[in-house]
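The exercises below concern the structure shown here. Each task is followed by a solution that proceeds step by step.

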Amino acid sequence: MTEKKVTREGQGTFAQLYDVQEQLNRRGAKPLGRPPKKIQRKPTTVHLTKTEARNLNKLHLLANEQFSVNRSELVGVAIDVLTLLLEERGKDAIEHGQIRDIESFRQVISDFIKS
C-alpha cells in the first residue's frame, strides 16, 4: 500500500521551525561587546621610532582623558592635518624646491605651525 502525504498550509519541517525560533531568539538578545565605530578603518602597519611611539602614547593618554579615542584615530587626524597644511601652504614650498627629504618636510611643517 502506498501512503498518501497530505501537506497542510503553514506546516513545516522541524528544521524550518527551528530556524524561525532561532531568528526570534536573536532579535531580543543584546549584542555582545563594544558597539562598532562609525568609521571603519583598514588595518595598516606603521613603523614608528621609539620617540614617535612615545609621543603617540603621550598624545593618546592626554586625549583619552577627555574623550574616547584610539591610536588609529589619532594617526588619521595627523594625516588629515598634514594634507590640509600641504594643500594650503605647502604647494609653494614643493614648487620652489624647499622640500627635498623628510627632514626638510618636517622643518617646513614646523615653520607653518610656528608662524
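**Exercise 1. The second largest pocket**

Task: Determine how the residues that line the second largest pocket divide by class, and state which helix supplies the largest share of them.

Solution. Step 1: The lining of the second largest pocket divides into five nonpolar, three polar and three charged residues. Step 2: The residues concerned are Arg41, Lys42, Pro43, Thr44, Val46, Leu56, Arg71, Ser72, Val75, Gly76 and Ile79. Step 3: Helix α3 accounts for the largest share of this lining, five residues. Step 4: The volume of this pocket is about 300 Å³.

**Exercise 2. Confidence in the model**

Task: State where in the protein confidence is lowest and where it is highest.

Solution. Step 1: The model is predicted, and the mean pLDDT of the protein is 80. Step 2: A pLDDT of 70 or more is reached by 75% of the residues. Step 3: Confidence is lowest in helix α1 (residues 14-28), with a mean of 66, and highest in helix α2 (residues 50-66), with a mean of 96.

**Exercise 3. The largest pocket**

Task: Describe the lining of the largest pocket by helix and by class.

Solution. Step 1: The largest pocket has a volume of about 940 Å³. Step 2: Among the 23 residues that line the largest pocket, Leu48, Glu52, Ala78, Leu82 and Arg106 are the closest to its centre. Step 3: Helices α2, α3 and α4 each supply at least two residues of the lining, and α3 gives the most, with eight. Step 4: By class, this lining holds 16 nonpolar, five polar and two charged residues.

**Exercise 4. The largest nonpolar core**

Task: Identify the residues of the largest nonpolar core and the helix that gives the most to it.

Solution. Step 1: The core has six residues, namely Leu85, Ala93, Phe105, Val108, Ile109 and Phe112. Step 2: Helices α3 and α4 (102-114) each supply at least two residues of this core. Step 3: The most comes from α4, with four residues. Step 4: Not counting residues up to four places away in sequence, Phe112 touches Leu85, Arg89 and Gly90. Step 5: As background, nonpolar side chains in soluble globular proteins tend to be buried together.

**Exercise 5. Three helical residues**

Task: Classify Glu73, His60 and Leu86 as buried, partly exposed or exposed, and list their contacts beyond four places in sequence.

Solution. Step 1: Glu73 belongs to helix α3 (residues 71-95). Because its relative accessibility is 19%, Glu73 counts as buried, the cut-off being under 20%. With neighbours within four places in sequence left aside, Glu73 is in contact with Lys37, Arg41 and Ser68.

Step 2: His60 is found in helix α2. The relative accessibility of His60 is 11%, so His60 counts as buried. Residues up to four places away not being counted, His60 touches Val69, Asn70, Arg71 and Leu74.

Step 3: Leu86 lies in helix α3. Its relative accessible area is 24%, and Leu86 is therefore partly exposed. Leaving aside neighbours within four places in sequence, Leu86 is in contact with Lys91, Ile94, Ile99 and Phe105.

Step 4: A further distance concerns Leu86 and Val108, which are 22 residues apart along the chain. The C-alpha atoms of Leu86 and Val108 are separated by 9.5 Å.

Methods. Residues are numbered from 1 along each chain as its sequence is written. Side-chain values use heavy atoms; hydrogens and water are left out. Buried means under 20% relative accessible area, exposed over 50%, partly exposed in between (1.4 Å probe, protein chains only). Contact means heavy atoms within 4.5 Å. pLDDT is the predictor's confidence in each residue, from 0 to 100. A nonpolar core is a set of buried Ala, Val, Leu, Ile, Met, Phe, Trp, Tyr and Cys residues joined through side-chain atoms within 4.5 Å. On a 1 Å grid over the protein atoms alone, a cavity is a set of points where a 1.4 Å probe fits but cannot get out, and a pocket is an open set with protein on both sides within 12 Å along at least five of seven lines; lining residues have an atom within 4 Å of a point. Grid points are joined across faces, edges and corners, and a volume is the space filled by probe spheres set on the points. Ala, Val, Leu, Ile, Met, Phe, Trp, Tyr, Cys and Pro count as nonpolar, Asp, Glu, Lys and Arg as charged, and the others, Gly among them, as polar.
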